[in-house]
Amino acid sequence: MQVIIRPTREEASRLAARLVAKALKAKPDLVLGLATGLTMERLYAMLVKLHKEEKLDFSLVRTFNLDEYVGLPADDEHSYHHYMKKHLFSQINIDPRNTHLLDGMAGNMEAECRRYEETIRHCDGIDLQLLGLGKVGHIGFNEPLSALYSRTREKGLTPATVKQNEKYFADPSQMPRRALTMGVGTILECKHLVMLVTGDSKAAILAKAVEGPITSMISATAIQLHPHCTVVVDEEAAAELRAQDYYRWIFDNEPDWAEYH
Ligand code: F6R
């Protein structure tokens, strides 16, 4: 794992966007895993900027989102289908047929999750998966005690996650209590993980995720098992990391990072 600390949210988001852009230029039909949430909005805004100003081409990209709420139709403004359309898909040249999201309205949730895993396999797996970090330490909606080998499935949300996200609903009681999510095992099979974490409210959980013992109580600790994982954070989120000096030294001295200085 490499931890990259940038001075601001803006710069952390820009670096994560440049990692995506580099992967996309190297492989135009990249299989890109997407996350939603507040943190990702800046990153998507930067990808849109790269598309508009530098002609970053998404025409062959295939995408898979991490998760979707159970019970919200795709056109509901709170669904992740809607989020993706608003923040990314409608503003870049992606083919909607290449964008994959779980169907939170599926009649048979188990079959829907199986279908999703099969579609990922059919695309030869996810090349680069974007991850955010929830306040409970989840990746996707893998809430505490999610098995580290778990696959895509339906999951009940913890009260803490409901609290984190209900503010986006005009009537907070309308926030779904269940979601479909890629499993921790599904995420660990992606070829490259890029986690973006910003803001002081994430400092304590980030330190546990990156430097703490691996535990299913904090599903993000599973990224420590992944052979190619890049964690991009701002100063505020980095505040409680013990080995900050080492992470900074790597970024300043490793030739791979020179192009991002
Ligand atoms: C959503 C997802 C979640 C979020 C996490 C952080 O697709 O995967 O794990 O990334 O809850 O959300 P924000 O960025 O809103 O703090």
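Let's start where two helices meet: helix 1 (residues 9–26) and helix 2 (residues 38–54) have axes that come within 8 Å and cross at roughly 55°. That makes helix 1 and helix 2 oblique to each other. The crossing of helix 1 past helix 2 is right-handed. Keep in mind as you look around that this is a predicted model.

Who does the touching here? On the helix 1 side you'll find Arg-9, Glu-10, Ser-13, Arg-14, Ala-16, Ala-17, Val-20 and Ala-21, and they meet Arg-42, Leu-43, Met-46, Leu-47 and Leu-50 of helix 2. Sorted by class, this contact of helix 1 with helix 2 has eight nonpolar, one polar and four charged residues.

Helix 2 has another partner as well. It packs with helix 3 (residues 80–87) at an angle of about 40°, and the two axes are 10 Å apart. Helix 2 and helix 3 therefore count as oblique to each other. In this contact, Met-40, Glu-41, Tyr-44 and Val-48 come from helix 2, while Tyr-83, Met-84 and His-87 come from helix 3. By class, the contact of helix 2 with helix 3 has five nonpolar, one polar and one charged residues.

Just ahead of helix 2, have a look at Thr-36. It sits in the loop between strand 2 (31–34) and helix 2. With a relative accessible area of 15%, Thr-36 is buried. Leaving aside residues up to four places away in sequence, Thr-36 touches Asn-65, Asp-67, Tyr-80, Tyr-83 and Met-84. Tyr-83 and Met-84 also belong to the helix 3 side of the contact with helix 2.

Now for the aromatic rings. The model has 10 aromatic pairs. One of them joins Phe-64 and Tyr-116 edge-to-face, with 5.6 Å from centre to centre and 80° between the planes. Phe-64 belongs to strand 3 (residues 62–65) and Tyr-116 to helix 4 (residues 109–122), so this pair ties together parts that are 52 residues apart in sequence. Are these two rings buried or exposed? Both Phe-64 and Tyr-116 are buried.

Another edge-to-face pair is made by Tyr-69 and Phe-169, whose ring centres are 6.1 Å apart with 75° between the planes. Tyr-69 is in strand 4 (residues 67–69), whereas Phe-169 is in the loop between helix 5 (159–166) and strand 8 (178–181), so the pair ties together parts that are 100 residues apart in sequence. Tyr-69 counts as buried because its relative accessibility is 2%. Phe-169 counts as buried too, at 6% relative accessibility.

Which residues join Tyr-69 and Phe-169 in one aromatic cluster? They are Tyr-44, Tyr-80, Tyr-83 and Phe-141. Some of these names have come up already: Tyr-44 and Tyr-83 take part in the contact of helix 2 with helix 3, and Tyr-80 and Tyr-83 touch Thr-36.

Phe-141 leads us on to helix 5. Thr-161 lies in that helix, and at 1% relative accessibility it counts as buried. Not counting residues up to four places away in sequence, Thr-161 touches Val-136, His-138, Phe-141, Glu-143 and Met-175.

Ala-160 is in helix 5 as well. Unlike a buried residue, Ala-160 is partly exposed, with a relative accessible area of 39%. How far apart in space are Ala-160 and Asn-93? From C-alpha to C-alpha they are 36 Å apart, and in sequence they are 67 residues apart.

Finally, a couple of backbone oddities. Most residues other than glycine have a negative phi. Lys-55, however, has a positive phi of about 60° although it is not a glycine. Leu-145, also a residue other than glycine, has a positive phi near 75°. Here they are side by side:

| Residue | Phi | Place | Relative accessibility |
|---|---|---|---|
| Lys-55 | about 60° | loop between helix 2 and strand 3 | 69%, exposed |
| Leu-145 | near 75° | loop between strand 6 (128–131) and strand 7 (153–156) | 58%, exposed |

Lys-55 follows on from helix 2 in the loop leading to strand 3, and it counts as exposed at 69% relative accessibility. Leu-145 is exposed with a relative accessible area of 58%.

Notes. Residues are numbered from 1 along each chain as its sequence is written. This is a predicted model: local features need pLDDT of at least 70, side-chain atom pairs count only at pLDDT 80 or more; totals for chains, interfaces and linings use all residues. Side-chain values use heavy atoms; hydrogens and water are left out. Rings of Phe, Tyr and Trp (its six-membered ring) pair if their centres lie within 6.5 Å; planes under 30 degrees apart count as stacked, over 60 as edge-to-face and the rest as tilted. Helices (H or I, at least four residues) and strands (E, at least two) are DSSP runs, numbered from the N terminus. Buried means under 20% relative accessible area, exposed over 50%, partly exposed in between (1.4 Å probe, protein chains only). Axes are lines fitted to C-alpha atoms, for helices over the stretch in contact, and angles run from 0 to 180 degrees between N-to-C directions. Angles under 35 degrees count as roughly parallel, over 145 as roughly antiparallel, 65 to 115 as roughly perpendicular and the rest as oblique. A crossing is left-handed if the near helix is turned anticlockwise from the far one by less than a right angle, and right-handed if clockwise. Contact means heavy atoms within 4.5 Å. Ala, Val, Leu, Ile, Met, Phe, Trp, Tyr, Cys and Pro count as nonpolar, Asp, Glu, Lys and Arg as charged, and the others, Gly among them, as polar.
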